[in-house]
Amino acid sequence: MTGFAAFEHGGNIYAAAGELGLALETVLDFSANINPLGLAPGLKEQLASLLDGVVHYPEPEAAELRQALAASHGCVPESLIVGNGAAELLYLLCYACKPRRVLVTAPTFSEYEKAARAAGAEVAYLPLAAADDFALPWDKVKAALAAADMFFLCNPNNPTGTLLKRETVLRLADEAAKEQCFLLVDESFQDFLPEQEKYSILPDLSRLGERVAILRSLTKFYAIPGLRLGFMAGSSALIQELTTKKDTWNVNFLAQQAGLWALRCGDYQQESRAYVAQAKQALYAALTALPGVHAYEPTVNYILLDMKKTGLTSSQWRERLKRRGILVRDCANYVGLGNFHIRVAVRRQDENQRLISALKAELK
């Protein structure tokens, strides 16, 4: 698939509400994977109290936020760069490193390919087989890395939910280093994991060298996609190079302040992880009980569904559910998936039940 449709995302609730003639708050958006608990307690009031601050330029390198992120993740501020969402940093990395050939798994997050092509790189695919639950094909990894300058790995993978343990990612980093291939590990959804230490390589940053970087998003876990906030961790040399090439004021004042506030909300963080852990299993169980629906077991806050045995395509499901005021992610534009996969987010229990009821009604 090529062109604009190849890079469409979920979360366009504005267009759907306008098309359906509904108020935004009445549309249930299962197409965007955002924390179902919403904003951290007190964040709305905190931002409102700081509105007068927007008359000043934001801090150019988000120094205070970088300090807080470094303290939270056990690294040094010099190893971090903050971005206008994690996606901005993908483009910045490709612009700065100028890879000739970028390797991505198929399926995976489409912005990797878009960022690579925007920088003039060729894109190669490492196919993940549904029959193997989209596991990384180690028999093909070495040759694929040898033929690439840069590899984007999403862990857990979007949209499949496939999750690699820390030891496995470190092994991959070793293989990439041998082949002189830069490795970018996208850990954007790992904040939802109760035991991140089993999966994140962020604690290993200081020994990973200059050809590995780690990407994180704050917009998903802290439910602030409209503010846009993410960060990348890497060697001080890489971060310095990226800093010299970024827009001076790339992260706005309110986004920086939202990040500082959210990082202090420890109870909210624990409650969010516990809620998603329970809600995802309940939703998964309800989905697997539906006739013709094959759900892949979730690891974080979204679930990939194969709807082929229902007799309807992903686009048909998208339209039928949209008429009921429910948005789901049509995965037909993911390289490596066909026309029968949709992805649904994990939301609040009553909202998840509304999705199940709508699916049941359509299946009848």
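**Strand pairing, burial and a cavity**

Modeller: Val-185 stands opposite Ile-214, a residue of strand β7. The model under discussion is a predicted one.

Colleague: What makes β6 and β7 a pair?

Modeller: Pairing requires at least two bridges between the strands. Strand β6 (residues 182–186) and β7 have four bridges, in the parallel sense, so they count as paired.

Colleague: How do you know that β7 also pairs with β8, and in which sense do they run?

Modeller: Four bridges join β7 to strand β8 (residues 230–233), and these two strands run antiparallel. The requirement of at least two bridges is therefore met here too. One of the partnerships sets Ser-217 against Gly-230 in β8.

Colleague: Why is β7 called mostly covered?

Modeller: A residue is buried when its relative accessible area is under 20%. Six of the six residues of β7 (212–217) are buried. In a regular strand, side chains alternate between the two faces of the sheet. For β7, Val-212, Ile-214 and Arg-216 are buried on one side, and Ala-213, Leu-215 and Ser-217 are buried on the other. Both faces are thus covered.

Colleague: Why is Ala-173 classed as it is, buried or exposed?

Modeller: Ala-173 has a relative accessible area of 5%; the cut-off is under 20%, so Ala-173 is buried. This residue lies in helix α7 (residues 166–178). Leaving aside residues up to four places away in sequence, Ala-173 touches Leu-183, Leu-208 and Val-212.

Colleague: What makes β9 and β12 edge strands?

Modeller: The open sheet has four strands in the order β9-β10-β13-β12, with antiparallel pairing. Strands β9 (294–295) and β12 (329–330) each pair on one side only. Helix α10 (residues 266–288) packs on this sheet and touches β9, β10 and β13 (341–345). The direction of α10 makes about 10° with that of β10.

Colleague: How do you know that β9 and β10 are paired?

Modeller: Two bridges join β9 to β10 (residues 302–306), and at least two are needed, so the condition is satisfied. His-294 stands opposite Asp-306 in β10.

Colleague: What is known of the second largest cavity and the classes of residue in its lining?

Modeller: The whole structure has three cavities of 30 Å³ or more, and the second largest has a volume of about 90 Å³. Its lining comprises eight nonpolar, four polar and no charged residues. Among the lining residues are Leu-128, Phe-134, Cys-154 and Asn-155. Leucine, phenylalanine and cysteine count as nonpolar, whereas asparagine counts as polar.

Definitions and conventions: Residues numbered from 1 in each chain as written. Predicted model: local features only at pLDDT ≥ 70, side-chain atom pairs only at ≥ 80, totals over all residues. Heavy atoms only, no water. Contact = heavy atoms within 4.5 Å. Axes fitted to C-alpha atoms, helices over the stretch in contact; angles between N-to-C directions. 1 Å grid on protein atoms, 1.4 Å probe; cavity = no way out; pocket = protein on both sides within 12 Å on 5 of 7 lines; lining within 4 Å. Points joined across faces, edges and corners; volume = space filled by probe spheres on them. Buried < 20%, exposed > 50% of the residue type's maximum accessible area, 1.4 Å probe, protein only.
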